[in-house]
Amino acid sequence: MPSIRVIALAVIRHPDTGALFVDETVDPLTGRLFHRPAGGGVEFGERAADALVRELDEEYGLAVVVGQRLGVLENHFTFGGRAGHEIALVFEVTLADAADDAPDRRPCRDQPHVTGVWRSSSEDAVPLYPEGLSRLVDGLGTH
């Protein structure tokens with residue numbers, strides 16, 4: 001039986017450009033490219049902020065500092081031909097090591113179809129999910 005997945009997403013802004021660090025993913029069925037903030041599933045008994053620390057380390061080798069929760073989004077989507085339903089807890093996050101903002105593209109360690117990229121604030125050719133995220137991050141700017 002399908003279930004709702006709880007995820008934590010990191011709003012990481014590049015300190016110089018204000019670009020947003022996102023997972024760049026291609027849907028294997030449609031070939032459609034899209035962006036989503038880095039993050040992942042919250043395990044049973046785990047705090048969402050702790051899930052972000054774990055996920056960003058596992059996926060990109062990044063140490064992060066989790067700040068305030070910006071909001072909660074409900075996401076209904078289709079990926080690889082399968083329907084999905086997520087509750088996304090969205091947090092403001094900073095990189096613990098300033099040198100980690102240097103690479104433009106960073107391969108995801110545990111998902112070969114995903115690459116971490118810096119998405120400029122003017123990017124509009126590639127969709128950004130989940131829906132409603134842009135409203136949460138508008139006005140945050142650079143740190």
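Which residues of H1 are buried? The close-ups below start there, and keep in mind that this is a predicted model.

**View 1. Helix H1 and its buried residues.** Here's the list for H1: Ala48, Ala51, Leu52, Arg54, Glu55, Leu56, Glu59 and Tyr60 are the buried ones. The helix covers residues 48-60, which makes 13 residues. How far apart should its ends be? At 1.5 Å a residue, H1 should span 18 Å, and its end C-alpha atoms are indeed 18 Å apart, so the two values agree. Just past the helix comes Gly61, with a positive phi near 70 degrees.

**View 2. The open sheet.** Follow the strands across and you get the order E4-E1-E6-E5, with 4 strands in an open sheet and mixed pairing. Strands E4 (39-41) and E5 (64-79) sit at the edges, each pairing on one side only. On average, neighbouring strands here are turned by 20 degrees against each other, direction ignored. If you're new to sheets: their strands pair through backbone hydrogen bonds, either parallel or antiparallel.

**View 3. Strands E5 and E6 side by side.** Zoom in on E5 and E6 (residues 82-95), and you'll find an antiparallel pair joined by 13 bridges. Which residue of E6 does Arg69 stand opposite? Look for Phe91, its partner across the way.

**View 4. The helix against the strands.** Back to H1, this time with its neighbours: the helix lies across E1 (5-12), E4, E5 and E6. Compare its direction with that of E4 and the angle comes out at about 115 degrees.

**View 5. The largest pocket.** How do you find a hollow in a protein? Rolling a probe the size of a water molecule over the atoms shows where empty space is left. The largest pocket here has a volume of about 740 Å³. Its lining takes in 29 residues, and Arg5, Arg36, Phe77, Phe79 and Glu86 lie nearest the centre. Two or more lining residues come from each of these elements: E2 (20-26), E3 (33-37), E4, H1, E5 and E6. Which element gives the most to this lining? That's E5, with 6 residues.

**View 6. Met1 and Asp97.** Met1 is found in the segment before E1. Is Met1 buried or exposed? Its relative accessibility is 97%, and exposed means over 50%, so Met1 counts as exposed. Now look across to Asp97: these two residues are 96 residues apart in sequence, and their C-alpha atoms are 42 Å apart in space.

Key: Residues are numbered from 1 along each chain as its sequence is written. This is a predicted model: local features need pLDDT of at least 70, side-chain atom pairs count only at pLDDT 80 or more; totals for chains, interfaces and linings use all residues. Side-chain values use heavy atoms; hydrogens and water are left out. The expected span of a helix is 1.5 Å times one less than its number of residues. Buried means under 20% relative accessible area, exposed over 50%, partly exposed in between (1.4 Å probe, protein chains only). Two strands pair if DSSP finds at least two bridges between them. Axes are lines fitted to C-alpha atoms, for helices over the stretch in contact, and angles run from 0 to 180 degrees between N-to-C directions. Contact means heavy atoms within 4.5 Å. On a 1 Å grid over the protein atoms alone, a cavity is a set of points where a 1.4 Å probe fits but cannot get out, and a pocket is an open set with protein on both sides within 12 Å along at least five of seven lines; lining residues have an atom within 4 Å of a point. Grid points are joined across faces, edges and corners, and a volume is the space filled by probe spheres set on the points.
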